[in-house]
Each structure stands twice: as structure tokens, then as C-alpha cells.
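Hello,

Here is the structure we talked about. Please open it and keep it in view while you read.

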2 protein chains.
Amino acid sequence: MSRYDPSAFPPFAVTVDLVVLTVREHALCALVVRRGEPPFQGYWALPGGFVRPDEGLGEAAARELAEETGLRAQANHTQAEAPADLVRGERARGGHAQGAGAHLEQLATYGHPQRDPRMRVVSVAHLALAPDLPAPRPGGDARSARWAPVGELLGNGAEGGVPLAFDHAAILADGVERARSKIEYSSLATAFCPSEFTVGELRRVYESVWGVALDPRNFHRKVTGTPGFLVPSGGTTTRQGGRPAQLFRAGGATVLNPPMLRPEA
Amino acid sequence: MSRYDPSAFPPFAVTVDLVVLTVREHALCALVVRRGEPPFQGYWALPGGFVRPDEGLGEAAARELAEETGLRAQANHTQAEAPADLVRGERARGGHAQGAGAHLEQLATYGHPQRDPRMRVVSVAHLALAPDLPAPRPGGDARSARWAPVGELLGNGAEGGVPLAFDHAAILADGVERARSKIEYSSLATAFCPSEFTVGELRRVYESVWGVALDPRNFHRKVTGTPGFLVPSGGTTTRQGGRPAQLFRAGGATVLNPPMLRPEA
DNA sequence: GATCCTAGTCGTCTCCCTGACGATAAACAG
DNA sequence: CTGTTTATCGTCAGGGAGACGACTAGGATC
């Protein structure tokens, strides 16, 4: 049989959906937008949209991310096409002032036949990690958008929390789990921080994403002892009440060996 | 703007491509089929095909896997729709006689606009791990198929090895890298083994996938000491020249904590 | 049958990482 | 000056992993 018959193929709609995560007020938050039309009118949903005929999947995700948040994506590793104009994560983190940058990577693809009641839609979900935005008003267009704590969306306890449209709760759960596991063995937690940050801020990122408390002394020893994870930027800060802290920026290392251990047992 | 306009959406073709890996003669091998028509006529390619209008992505991958190898897929964790008739990996490994079973999971999605010269094709790649098949003749239909060592396909040294069709070399590379990293922190290496196997056979799986030599004594201590990884089945074997080895089957554990460490530094 | 070879299994020793936690440093609030 | 808060440095014990010796139990060879 002809495996790629160009004339007779079942047509699908292809979209990208975004799990955009940030840490706000010691809580892991996701960007959600309110749907203005059926189906799921009035429900909160992940931002996303159609992939255009002439753009790649990562490009579409970066475009949607920029439209929703103004963040310039730094397309990152993983698979698929990496357009030449998007630098790879390893180089980007070091080079640019990443004030408006965010980590972006492909998450997974969701294509259940009935996931959209109107037609066959395959959605390539992407995961974006962003520092806390100075402008909490994300939506670029008229739809309302907000940062919602993921615990609120997924329902950490008994109830399922705020119901999300389509299968977006599952997508969000997968994205959160990916972020949780990935900061274990990569330096990705720095994507939640501004370009300069303290060890304490980085520790609060880990604590917020994992939902645990970490020992400040062991954490400090670990992150400053891992080669390439952090490089001191020279300055110090006096943000909150205590002793001024040394400022760091993300080093060149992308993988952490040995990894950060998530306490749990 | 209307994000999900059902009437005007750009149509895409959606396919699944399979990275099917096995270990044969102390080498990691991938299943490739020869293309009988243009483009890339005569090239080796990954098996795959169109997703049908009424089937999910995992279903399509399982169907293609069955068509090409006769393996019954055991759809595994990760995201996306898990049809009710496909058991999840954790339960399946324990329960069934897994003689004809293989691990199957979604890998990543590739959608560069020009990846197929004829039309816009988005391919949802899947990764399958199978034990060495008794019947080395995989193809179900007329096309020729073979198990090729991945080193041969990807060109571990200077040259790029056998050229693969489309972007299949990149997909294969991603699949191999996924397998290499995943056997570190999961019990997935047992998917390369028959239902009963020895510690030595499992060690040779790790050695073949990673391309390194492991200390038999430390490996034995590690795998037998990890709770839930292996359960003794009672029997022993006298395969090759040495002392008979104890037989095991895969235990219920899916994640390895602490992980197997891939020597490298 | 004695010997060699091969592969499997058990132990030991050391090093390094981690978790637990005490102690000191440097800011600010009263 | 004293208490509070956060940052940073040190110490100590336990566990896991690498290096490697030793023993076991089969077949092959002489």
C-alpha cells in the first residue's frame, strides 16, 4: 500500500497549546485564558491556536507565546525543527540579556479523536518556563487571561479544582510533571528566575515547584558546588530583611550531574 | 480572533513514525524499511503511516507496530489518549505473558514545513522497545525490512552512515537518546528482554544500549538490590559456558530510585 | 578425572554525596 | 544594643557506587 499517498489523506487540524509556567508568590502558576465561544464557553483553557501552513511547530508555539505574554521564546533542545533564527537554549542562556526570554520546549502531542467535539484536532503541546513577569496582564488580545496556581487548577486535594476546557487539565498535569522532574537533573530552574538572582531565590523556585521545604544550607552547598550551574555576577542584594546575598546568573551547564534530589521518601 | 474556527483551518496530514529498538548480538538495532516509491525511493526509512480519522495517536502507533512486527503493543504511560483496551505498562508487565509484547510510548512530533516535499505532514513519532524477535523477518507486507544497528544508521564516527529518508535520522537519534536516558531511571531495560532473563542478559542490554562495559559484580548488586526491579522466577539456566544463572522476571517497579548510573565521566 | 575456561555471585574497602544540624555573618527593626 | 531575619560556612554520620578480590558451578580439553 502507498504509505504517503499525497492525494488521499485524512485531513487534520493541527494546533499548539501552551503550558506556560512561572513562580509567583511562592506558588507555581500557569497561564490560562478564558474561552469566549463554544465549546467550553466561559471555561479557562490553555493558550494556543492553529499552526499556520508555512510555520514549524516550534515557531507556532513561539508565536503564540509572544502573542500571549510578550515573551521572546528561546527554543530549546528537544526534537523537531529548530528554525535557524531561534538560538538553542544552551547558547542563548549565556549570551543574551534574557529579560524577555523564556524556555520553550515541546511537551507532547494529544490527538484523541473526540478531544474536540467539532472536528479532528491534533494539538502539539509545548511547555514554557518564564520568570515572574513584571506585567501580570498577559493577554495580547481582548480575551481575559490570568496566572492561576496550578494547585488551584488541578485540585491537589479532593476536588478537581477549576475545570479546564478540552483535555487541557491532562496537558497541564503533564507539563507540571515535566517541569518538576526536569529541574531535578537540569539547570532549568534558572528559567524561572530573572537574569540575576540569589541562591535563596533559586531555592524558593525549587520549593514552589516541588511543593516542599529545602534545607537552605545543603541547598546552598549543592548549587554553588555544581560546576557550571551558577556563576557569581559580582553584586549583592539587600532585598528582604536579612544579610545581603550574592548575585548569580545561570552558568553554561544544562545538565546537573549529580542531580538535585527531590525529597519525598 | 477565533482560535478554533471549525470552517477555515489549514489541513495537515498526520502520520505516526516508529522507532522500534531491540538488542541483537550485543548491538542496539532499529527497524527500518526500504521505500519503494518516491520521494526517497530506495532509501531506508522508519516504519509508519497515516493516522486514520477514527483512531488515536497511540492506537495508530500500536497498529503500525503490529503490522510491521507482529508485536502487540503495551501502550505506556506518557501523555495523550490511552484507549481503554490497551493496558498501562505498569500493570501489563506483571500480568500477561509478554511474549509478544513491547513497550510503546510517544516520542516527539516533527512538523517542519518542508520535511515532506509533497505536502505538509506532521509526524508523531513513537518509541517502541522490543525483545529480540524470534522471527527476524519483520515486514508484514511486501516491502523489505531489516534490523539495522543504530551505529550503522547514525554513523557513530565520521560519516553519517546509511542515509535515511526525510528527517528520520533525527527522529531515530532522538529515540535512541530517549532510550539511553530512560533505562537510567526506569526499569525499561527489561522491555528488551524476554519474559525470563538473567542478570547477565540484562547487563548486556545496558552495555549494548549505552555502548559501555559494566562491572558484573556491581551491576549484580545494584539490580538485585533495587526493590521491585527484579523478582526471581525460581529457575536457572545454562546458556553459555559458565555457571548457571538465576532467572528473573521484571518486577512491578517502574522507576529506579536511586537510578542506574551511566558511566561516562 | 584433573585442569582450564567461562560466567555468576558474594564480600570488602574507600570515596563522595547527602541529610541533619550547629555556628557565624551581615543587614534591619525596635 | 538586642532581637530577628536571611545568608553562608563547617562538621559529622550514613548510604551508595566504583574498584576489585574471592569463591562457585557449569562445560571444554587433555
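Below are notes on how the two chains pair and on what lies around one DNA strand.

Keep in mind that this is a predicted model.

The two chains

Start with chains A and B. A rotation of 180° with 0.0 Å of shift along its axis lays chain A on chain B, with an RMSD of 0.1 Å. The two copies are therefore related as by a two-fold rotation axis. Now look at where they meet. Of the interface residues of chain A, 100% are also interface residues in chain B, so the copies meet through the same surface.

The surface near DNA strand C

How many residues surround DNA strand C? There are 26. The closest are A:R217, A:R221, A:K222, B:R217 and B:Q246. By type, the residues of this surface are six nonpolar, 10 polar and 10 charged.

Which parts of the strand face the protein? Take the atoms of DNA strand C within 4 Å of the protein. Sugar or phosphate accounts for 51% of them, and bases for the rest.

Contacts to the bases

Three side chains are worth finding. In A:R221, a side-chain N or O atom is 2.8 Å from a base nitrogen of DNA strand C. For B:R243, a polar side-chain atom lies 2.9 Å from a base nitrogen of the strand. In A:N218, a side-chain N or O atom is 3.0 Å from a base nitrogen.

Which elements give two or more residues to the surface near DNA strand C? Chain A has α6 (216-225). Chain B has α5 (199-210), α6 (216-225) and β10 (245-250).

Best wishes

How values were computed
Residues numbered from 1 in each chain as written. Chains lettered and ligands numbered in written order. Predicted model: local features only at pLDDT ≥ 70, side-chain atom pairs only at ≥ 80, totals over all residues. Heavy atoms only, no water. Near = heavy atom within 4 Å. Polar contact = N/O pair within 3.5 Å; in protein donor to acceptor, adjacent residues only side chain to side chain. Helix = DSSP H or I, 4+ residues; strand = E, 2+ residues; numbered from the N terminus. Nonpolar A, V, L, I, M, F, W, Y, C, P; charged D, E, K, R; others polar. Least-squares fit on C-alpha atoms with pLDDT ≥ 70 in both. Contact = heavy atoms within 4.5 Å.
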